[in-house]
Amino acid sequence: MELKFIGLGKMGHNLALNAIDKGHNVLGFDISADSRNNAKNLGINVVETLEDLLKERNGKRIVFLSVVSGNPTNELIKQLSVMLDAGDIVIDSGNSNFNDSVSNYKMLKEKSIDFLDCGTSGGISGARNGACLMIGGDADVYAEVEPFFESVAIKDGCLYTGEAGSGHYLKMIHNGIEYGMMQAIGEGFDILNESEFNYDYEKVAKVWNHGSVVRSWLMELAEEGFKDDKHLDKIEGVIDASGEAKWTVQEALRLNIPAPVITTSLYVRNASKITNSFSNRVVAILRHGFGGHAVTYRKDN
């Protein structure tokens with residue numbers, strides 16, 4: 001299958017390499033020269049302009065977006081709407097708001113251009129080796145691209161979710177749950193850290209990840225983080241938020257569904273800009289572990 005990748009950053013170039021490994025023909029573009037050069041060095045065929053990317057065609061064009069959500073993605077889709085032809089397919093694999101995805105679907109539909117919203121989980125490692133994908137849009141359009149989705153997803157990690165917007169909606173809820181899980185792990189280690197007992201947190205994370213109820217990839221990432229920095233002294237407890245937990249909380253309020261854990265975890269991230277707690281440092285290394293998200297290093301390290 002021929003695919004045109006726009007966005008060759010951390011997730012984009014790893015998904016592109018994954019697709020190439022599975023036998024797909026990938027051509028890529030990024031507005032960043034550094035990202036283009038990095039992708040070239042990794043063996044991805046890259047062009048210098050969006051026009052060059054789209055002029056290469058063999059039948060309908062399938063355009064796969066891995067771009068920052070919000071205005072950058074929405075403006076790019078508007079640009080594509082006048083550059084693509086009827087029957088071409090746009091796939092948004094970023095963390096877009098589901099309302100934006102519904103709007104983009106309708107806007108492209110008016111020009112008979114197809115659109116799929118693809119929630120993507122698994123972080124950088126998943127993008128490279130087998131992602132978890134949640135895809136919304138018209139069923140017949142999904143069926144056309146299903147072989148690609150199945151090939152780059154981990155086994156049993158690909159789900160067609162139904163109408164447009166449903167893929168990104170499901171990913172939004174997934175991320176809200178993720179916030180709560182990371183917060184619980186962070187708070188647990190914070191209590192251990194303040195106790196009178198002298199625990200080795202790397203070993204604690206390791207034993208908890210072998211047979212315990214809380215075993216998980218997040219606990220594995222905690223183990224890796226403590227291995228590199230025994231008491232997380234090198235970083236500040238500043239945790240950024242992608243926006244998806246905020247959207248989840250807003251949706252919970254709209255539906256009158258109580259979501260105290262997710263809501264509190266979001267508030268903690270907001271408060272992390274002010275405080276520097278141990279639990280926040282734990283959550284920061286977890287986010288860095290799965291998604292390559294930046295951490296704030298202490299100035300004295």
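Is Cys132 buried, partly exposed or exposed, and what is its relative accessible area? In this predicted model, Cys132 is partly exposed, its relative accessible area being 31%. The cysteine sulfur closest to that of Cys132 belongs to Cys158 and lies 8.7 Å away, which is too far for a bond. Cys158, with a relative accessibility of 16%, counts as buried. For the sulfur of Cys158, the closest cysteine sulfur is that of Cys118, at 7.6 Å, and this distance is likewise too far for a bond. A disulfide would require two cysteine sulfur atoms within 2.5 Å, and the structure holds zero disulfides.

The strands are considered next. Eight strands form an open sheet with mixed pairing, in the order 3-2-1-4-5-6-7-8. Its edges are strand 3 and strand 8 (residues 153–162), each of which pairs on one side only. Within this order, strand 4 (residues 62–65) pairs with strand 5 in the parallel sense over four bridges, and Val63 stands opposite Val90 of strand 5. Strand 5 (residues 89–92) also pairs with strand 6 in the parallel sense, again over four bridges. Here Val90 is found opposite Phe115 of strand 6. Between strand 5 and strand 6 the chain passes through helix 5 (residues 98–109), and the resulting β-α-β crossover is right-handed. Strand 6 and strand 7 (residues 131–137), by contrast, are paired in the antiparallel sense, over six bridges. Asp117 stands opposite Gly136 of strand 7 in this pairing.

Strand 6 (residues 114–121) is mostly covered, with eight of its eight residues buried. The cover extends to both faces of the strand. Asp114, Leu116, Cys118 and Thr120 are buried on one side, while Phe115, Asp117, Gly119 and Ser121 are buried on the other. Two of the residues named in the strand pairings, Phe115 and Asp117, are thus among the buried residues of strand 6.

Helix 2 (residues 33–41) presents another pattern. Ser35, Arg36 and Ala39 are buried in this helix. Viewed down the axis of helix 2, the buried residues fall within an arc of 100°, so they line one face of the helix. In general, an α-helix has 3.6 residues a turn, so residues three or four places apart point the same way. On the other side of helix 2, Asp34 and Asn41 are exposed. The elements that cover the buried residues of helix 2 include strand 2 (residues 25–29) and strand 3 (residues 45–46). Features are also found at the two ends of the helix. At the start of helix 2, a side-chain oxygen of Ser32 comes to within 3.3 Å of the backbone nitrogen of Asp34. Just after helix 2, Gly43 adopts a positive phi of about 100°.

A further site is centred on Asn175, a residue of helix 8 (residues 166–194). Asn175 is buried, with a relative accessible area of 5%. Apart from neighbours within four places in sequence, Asn175 is in contact with Asn95, Ser242 and Glu244. One of these residues, Ser242, is 67 residues from Asn175 along the chain, yet the C-alpha atoms of the two are separated by 9.1 Å.

Methods
Residues numbered from 1 in each chain as written. Predicted model: local features only at pLDDT ≥ 70, side-chain atom pairs only at ≥ 80, totals over all residues. Heavy atoms only, no water. Buried < 20%, exposed > 50% of the residue type's maximum accessible area, 1.4 Å probe, protein only. Pairing = 2+ DSSP bridges. Right-handed = clockwise from strand over helix to strand, strands pointing away. Arc of directions from axis to C-beta. Contact = heavy atoms within 4.5 Å. Polar contact = N/O pair within 3.5 Å; in protein donor to acceptor, adjacent residues only side chain to side chain.
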